[in-house]
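Subject: A structure for you to explore

Hi there,

Here is the structure I promised to pass on to you. Have a look at it first, and then read my notes below with the model open beside them.

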Amino acid sequence: MGWRGEMTMNTKQAAANAERVVRVQNGWVMLPVLVGLLFADITLLIFAIEDGTRTIGQPHAALVVAFLLLLLVCAILRKGFFTLQPNEARVLVLFGNYQGTVRTSGFHWGNPFYTNGSQQVGLSVGAEMHSKLASLHEGTRATSRQTLGRNKMSLRARTLNGDKLKVNDKRGNPIEIAAVVVWRVEDTAQAMFDVDNYENYVPTQSESALRHLASLYSYDYGEENEITLRSGVAEVSQALRGELQERLAKAGVVVDEARLTHLAYAPEIAQAMLRRQQAEAVIAARQKIVQGAVSMVDMALKELAEKQVLVLDDERKAAMVSNLMVVLCGESEVHPVLNTGTLYT
């Protein structure tokens with residue numbers, strides 16, 4: 001029982017991280033302090049050389065050591081300066097521990113020992129290639145967002161323009177489908193620590209969600225009141241956004257918009273489906289023509305009877321109906337034939 005309980009605990013998903021917004025020192029306040037320390041250090045070196053040479057014939061060794069130590073401190077303190085643009089954040093990690101996230105744009109100073117690594121550190125060659133392909137899907141260059149460094153993260157809205165995917169719809173018909181997704185990072189801690197690389201995670205999950213969504217709906221010609229991919233664009237887009245939000249929530253990503261950009265039958269069945277659509281259109285047009293012809297014939301017979309233009313028996317009515325239906329429903333031009341006799345001769 002013991003090893004089973006331990007295995008169960010190990011297979012449980014790790015608790016999600018939560019972002020903590022923190023504030024750091026203003027960089028414009030710390031900059032004069034650092035400059036003052038640097039001038040003081042230079043002054044100390046000058047004093048150590050001049051006074052030592054005048055009194056003991058050589059610079060004071062203790063003051064020179066103090067100068068070197070103070071210079072090292074200034075160099076370390078200089079590492080603490082960083083800037084943030086609007087809609088940009090920096091995740092603060094100190095010796096492996098998450099300290100918080102700075103979201104305020106401007107010139108800042110923080111602990112110089114905060115981790116300055118970029119998000120691409122430790123990625124394998126295959127992951128880097130996948131990241132480049134994902135960035136190409138978004139229509140951007142592969143290095144456009146990978147050069148931030150210092151654990152900086154863009155909070156701006158981004159557009160993922162997915163490739164055309166060949167999938168099967170609910171009825172098993174092969175179709176081509178593509179979608180565009182507008183997303184942004186909401187929780188920087190989850191994006192940084194809960195997934196390996198959130199920029200690779202988003203396109204992968206988007207493709208998986210789109211494939212699953214396409215299998216839930218028919219392309220067209222569904223049952224009565226059934227939502228299809230072609231007729232229910234708004235409902236399908238809303239369902240896609242909901243599924244994407246559920247999948248990407250663990251990465252701290254919010255989906256602002258998701259909609260289909262391409263929808264068509266696969267090339268191997270496109271011609272057959274086109275003929276089907278044409279046949280259905282012809283049938284629908286014929287139905288309209290027949291309905292209109294029947295109503296016109298009925299109206300003609302009623303008008304003749306009411307105005308007592310002539311009295312027709314059943315046989316003559318049948319002949320008139322036949323002639324009118326041929327005239328109204330025929331596609332070619334009608335050439336009337338004059339009958340000089342009667343129907344009974």
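Let me start with one residue: arginine 259 has a relative accessible area of 37%, so it is partly exposed. Please keep in mind that this is a predicted model. Arginine 259 also has a partner, since it forms a salt bridge with glutamate 257, with 2.4 Å between the closest N and O atoms. Glutamate 257 counts as partly exposed because its relative accessibility is 34%.

**The whole protein**

Now zoom out. The protein has nine helices and ten strands. Of its 345 residues, 32% are buried. The protein exposes about 21500 Å², and 58% of that comes from carbon and sulfur atoms. I also looked at contacts between residues at least 6 apart in sequence: 70% of them join residues at least 24 apart.

**Salt bridges**

Side chains of opposite charge can pair when their charged atoms come close. How many salt bridges are there? The count comes to eight. Here are some that are worth finding on your screen.

- Glutamate 19 forms a salt bridge with arginine 103, and their closest N and O atoms are 2.7 Å apart. Glutamate 19 sits in the loop between helix H1 (2-11) and strand S1 (25-26), while arginine 103 sits in the loop between S4 and strand S5 (106-109), so this pair ties together parts that are 84 residues apart in sequence. Arginine 103 has a relative accessible area of 30%, so it is partly exposed.
- Glutamate 243 and arginine 247 meet through their side chains in a salt bridge of 3.2 Å, N to O. Both are in helix H7 (residues 233-248), and because they are four residues apart there, about one helical turn separates them. Are these two buried or exposed? Glutamate 243 counts as buried, because its relative accessibility is 14% and the cut-off is under 20%. Arginine 247, at 24% relative accessibility, counts as partly exposed.
- Arg184, Glu186 and Asp256 are linked in a network of salt bridges.

**A nonpolar patch on the surface**

Next, turn the model to look at Trp28, Leu31, Val35, Leu38, Phe39, Ile42, Ile46, Leu68 and Leu71. These residues form a nonpolar patch on the surface, and together they have about 830 Å² of accessible area. Which helices supply at least two residues each? They are helix H2 (27-55) and helix H3 (61-78). H2 gives the most to the patch, with seven residues. One of the patch residues, leucine 38, is found in helix H2. Leucine 38 counts as partly exposed because its relative accessibility is 38%.

**An open sheet of three strands**

Then there are the strands. Three of them make an open sheet in the order S4-S3-S6, with antiparallel pairing. Strand S4 (97-102) and strand S6 (152-154) are the edge strands, each pairing on one side only. From one strand to the next, the twist averages 25°. Strand S3 (residues 88-94) pairs with S6 in the antiparallel sense, over three bridges. To find this pairing, look for alanine 89, which stands opposite methionine 153 in S6.

**Strands S7, S8 and S9**

In a regular strand the side chains alternate between the two faces of the sheet. You can follow this along strand S7 (residues 158-161): Arg158 and Leu160 point to one face and are buried, whereas Thr159 and Asn161 point to the other face and are not. Strand S8 (residues 165-168) has Leu165 and Val167 on a covered face, and Lys166 and Asn168 on an uncovered one.

Strand S9 (residues 174-185) runs antiparallel to S7, and four bridges join them. Threonine 159 stands opposite valine 182 in S9. S8 and S9 also pair in the antiparallel sense, over four bridges. Here lysine 166 stands opposite glutamate 176 in S9. S8 and S9 form a hairpin with five residues between them, and in the turn glycine 172 has a positive phi of about 85°.

Enjoy exploring the model!

Best wishes

Notes: Residues numbered from 1 in each chain as written. Predicted model: local features only at pLDDT ≥ 70, side-chain atom pairs only at ≥ 80, totals over all residues. Heavy atoms only, no water. Patch = residues over 30% accessible without salt bridge, like charges linked within 9 Å, V, L, I, M, F, W, Y side chains within 5 Å. Areas by Shrake-Rupley, 256 points an atom, 1.4 Å probe, with all protein chains shown as cover. Salt bridge = Lys/Arg side-chain N within 4 Å of Asp/Glu carboxyl O. Buried < 20%, exposed > 50% of the residue type's maximum accessible area, 1.4 Å probe, protein only. Pairing = 2+ DSSP bridges. Axes fitted to C-alpha atoms, helices over the stretch in contact; angles between N-to-C directions. Contact = heavy atoms within 4.5 Å.
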